[in-house]
Amino acid sequence: MPGDLVIGIDSSTTATKAIAWDARGRAVAETRANQPMSNPKPGWFEQDVDDWTGALTKALKQLTRKIDAKRIAALAISNQRESFAQFDARDKALRPGTLWLDERAPVQAAALAAKFGPERLREISGKPADITPCISRCAWFAEHMPGLWKKTAMTAEVHGVLVHFLTGNWHTSTASADPMGLIDMARYDWSDELLQAVGPTRAQLPKLFRPGEPVGEVTAEAAKLTGLKPGTPVI
């Protein structure tokens, strides 16, 4: 039956999985593609953006060989949190993405806590003053690679990167972008107060959507790479 399945994507730290589910919540088919991680310096944990999109492509291509793409009504993405990358105006990654495991920014985390106070940081973003939320690494890049933010046209977490790969839209979910530590949780919007403190601007961040909202449709180019049907909704 056309449109009787949905796909759940799980882009985790070590692999991307694609699972087709029926209307009763039963798994019909599942595939997996591994993705490597690098540790270029002590405490640094990174992945190439091409490995994020490559593992997604491989997992979906394997899945669409098992099931008819016409049966797929929509797909949605779950992903490793607090992992993000920077892109130039041609959507080319400027450097590897940094992961939630990364430990390079304790000094910047402490400086943010001193600047705002831990209570104010938590009030705005819901996050502690810690190295894990992306805000601390944003401050690290501003201090140690100041030219990076000047070259950056877009910065996005894994969800935003994969949505862009599939749809061509720089869109993301508040649920996936929230762990960046840059969202004003009371307004469900990027916090100008926090952005001004750490480097990126509102224009360099994806458009935010609530969980469950459509963020775009699979492009003809992405469909050719993955085996999905062009126009398949991404939720």
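Okay, let's start at K17, which sits in strand β2, residues 15-21. One thing to keep in mind throughout: this is a predicted model. So, is K17 buried or exposed? It counts as buried, because its relative accessibility is 17% and the cut-off for buried is under 20%. As for what surrounds this lysine, leave out the neighbours within four places in sequence, and K17 is in contact with G8, I9, D10, S12, E30, T31 and R32. There's also a pairing across the chain to point out: K17 and K58 are 41 residues apart in sequence, and their C-alpha atoms are separated by 9.5 Å.

Let's move to T57, which lies in helix α1. T57 is buried too, at a relative accessible area of 14%. Again skipping anything within four places in sequence, what does T57 touch? The contacts are F165, L225 and T226.

Hold on to F165, please, as that phenylalanine comes back in the largest pocket, where it is one of the lining residues. The pocket holds about 250 Å³ of space. Here's the full lining, if you want to click through it: D48, V49, D50, T53, F87, D91, K92, A93, V161, H164, F165 and W170. Which elements give two or more residues to that lining? Those are α1, residues 49-66, and α6, residues 158-167. Sorted by class, the lining has six nonpolar residues, four charged ones and two polar ones.

Next, the helices. Take α2, residues 106-116, and α3, residues 118-125: they pack with their axes 6 Å apart, at an angle of about 95 degrees. That angle is why α2 is described as roughly perpendicular to α3. Who makes the contact? From α2 you have L112, A113 and F116, and from α3 you have P118, R120 and L121. Five residues in this α2 and α3 contact are nonpolar, one is charged and none is polar.

Now α4, residues 134-144, which is mostly covered. How many of its 11 residues are buried? Eight of them are. Reading along the helix, the buried ones are C134, I135, S136, R137, C138, A139, W140 and F141. And what do they pack against? On the strand side there's β6 and also β7, residues 97-98. On the helix side there's α2, which we just talked about, plus α5, residues 146-151, and α8, residues 192-198.

Last topic: backbone oddities. As background, most residues other than glycine have a negative phi. Two residues here go the other way. E82 is not a glycine, yet has a positive phi of about 55 degrees. Where is E82? In the loop between β5, residues 72-79, and β6, residues 84-87. That glutamate is buried, with a relative accessible area of 17%.

The other one is Y188, also not a glycine, with a positive phi near 55 degrees. Y188 is found in the loop between β10, residues 183-184, and β11, residues 189-190. Is that tyrosine buried, partly exposed or exposed? Partly exposed, because its relative accessibility is 39% and that class runs between 20% and 50%.

So if you open the model after this, go back to K17 in β2, then look at the pocket with F165 in its lining, and finish on the loops that hold E82 and Y188. Thanks, everyone.

Conventions:
Residues are numbered from 1 along each chain as its sequence is written. This is a predicted model: local features need pLDDT of at least 70, side-chain atom pairs count only at pLDDT 80 or more; totals for chains, interfaces and linings use all residues. Side-chain values use heavy atoms; hydrogens and water are left out. Axes are lines fitted to C-alpha atoms, for helices over the stretch in contact, and angles run from 0 to 180 degrees between N-to-C directions. Helices (H or I, at least four residues) and strands (E, at least two) are DSSP runs, numbered from the N terminus. Angles under 35 degrees count as roughly parallel, over 145 as roughly antiparallel, 65 to 115 as roughly perpendicular and the rest as oblique. Contact means heavy atoms within 4.5 Å. Ala, Val, Leu, Ile, Met, Phe, Trp, Tyr, Cys and Pro count as nonpolar, Asp, Glu, Lys and Arg as charged, and the others, Gly among them, as polar. On a 1 Å grid over the protein atoms alone, a cavity is a set of points where a 1.4 Å probe fits but cannot get out, and a pocket is an open set with protein on both sides within 12 Å along at least five of seven lines; lining residues have an atom within 4 Å of a point. Grid points are joined across faces, edges and corners, and a volume is the space filled by probe spheres set on the points. Buried means under 20% relative accessible area, exposed over 50%, partly exposed in between (1.4 Å probe, protein chains only).
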